[in-house]
Amino acid sequence: MRRLALTLGIVCAAIACEPTGETTTEEASSLIQSEKWWNSLPRPGYASLEKVGVFGAWFEVYQLPDGTLAIYEPYQFQEAISYLVLGSERAALIDTGNGIGDIAAVVSELTDLPVTVLLTHEHPDHFGGAHAFDVVAVFDEPSALERISAGVPNERARGSVSGDQVWKPLPSGVDAESFTVPGVEPTQLLADGDVIDLGGRTLEVLHTPGHSAGSVCYLDREHRVLFTGDHFYPGPLYAFGSGVDIDAYIASNDRIAALVGEYDHVASGHNEPWVEARVIPSVSDAFRTILDGGGEFSERDERRRYRFDGFDIIVRKDLLE
Ligand SMILES: [Zn+2]
């Protein structure tokens, strides 16, 4: 395998995942965002899920097995998904979406349990609603803590609520002229191997740098689910921005691939909430195929979009030369 010191900005399902980075709405090309992308919704994976309802005219909530709820934002291009995991003593909210809708209000309708927010990483489409909660836990990685603390000012956040990024009216009181993502000061710092006990239900912290330095997955061994944030989702993974060493990404994926006997499903951070675990080992293979010069791709604007079974990878062409 060619060893490339390339950096990897595996961003999200969409271009605005990192409004603090170099990717902007203006850069979006048809390689990344198809025109009227919302016409392909709903995604097929939702047909087999029980829809709990629509909340706040912005979130759709779906029931997953074992007392887990997926809180989905289908009207914004990121199609961010947060998860409410219910124990007997506490609930965990894994990620908090873009901060466009009032996710705290949704959570209060879904449970009376005290809530611990568990962030998967430091991108604003995941910590957008965290400021509204009293207990917020984040992996202890300095650059990640800095970004979460800083938040995103209007000039960089407004793109995520403008133009083709949204296809339904914004919630009442939200507009592009004033939208920001508030910073958050975590109340709890997490380390690799920590186990969060919700009462009859535990989540284990797995540090999986690659998408970002502070990325983690949360493993529920008993109920055989891995919550992956942006480490994996069924959609185009972006390998062209600022971010992370690709070798770290592959190493992290190798780690969770080795654990694939411990979980049957992946609850991902974007697009669809319930993905069969067997896709995970193929992610490492896909990156290695690209680095070895293989794979089928289409090319535009100096980027290549490689297609694999269950996900794509978009790479900046010069990183492969
Ligand atoms: Zn991200």
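Reader: Which residues of H5 are buried, and what makes them count as that?
Author: Ile246, Tyr249, Ile250, Ser252, Asn253, Ile256 and Ala257. Buried means under 20% relative accessible area, exposed over 50%, and partly exposed in between, with a 1.4 Å probe and protein chains only. They cover an arc of only 160° around the axis, so they sit on the same side of H5; the arc is taken from the directions from the helix axis to the C-beta atoms.

A word on the source: this is a predicted model, where local features need pLDDT of at least 70, side-chain atom pairs count only at pLDDT 80 or more, and totals for chains, interfaces and linings use all residues. Residues are numbered from 1 along each chain as its sequence is written, and side-chain values use heavy atoms, leaving out hydrogens and water.

Reader: Why is the site of the zinc ion called irregular?
Author: Its donors are His121 (NE2), His123 (ND1), His211 (NE2) and Asp230 (OD), 2.1 to 2.2 Å away, and a donor is an N, O or S atom within 2.8 Å of the metal (3.2 Å for Na, K and Ca). Four donors are tetrahedral if all angles lie between 85 and 135 degrees, and square planar if opposite donors are over 155 degrees apart and all others between 65 and 115; anything else is irregular. Here the angles run from 87 to 176°, and the site comes out irregular.

Reader: What makes Phe308 and Phe311 a stacked pair?
Author: Rings of Phe, Tyr and Trp (its six-membered ring) pair if their centres lie within 6.5 Å, with planes under 30 degrees apart stacked, over 60 edge-to-face and the rest tilted. These centres are 5.5 Å apart with planes at 20°, so the pair is stacked.

Reader: Is Phe311 buried or exposed?
Author: At 3% relative accessibility, Phe311 is buried, while Phe308, at 22%, is partly exposed.

Note on methods. Helices (H or I, at least four residues) and strands (E, at least two) are DSSP runs, numbered from the N terminus. Four donors count as tetrahedral if all angles lie between 85 and 135 degrees; four count as square planar and six as octahedral if opposite donors are over 155 degrees apart and all others between 65 and 115; anything else is irregular.
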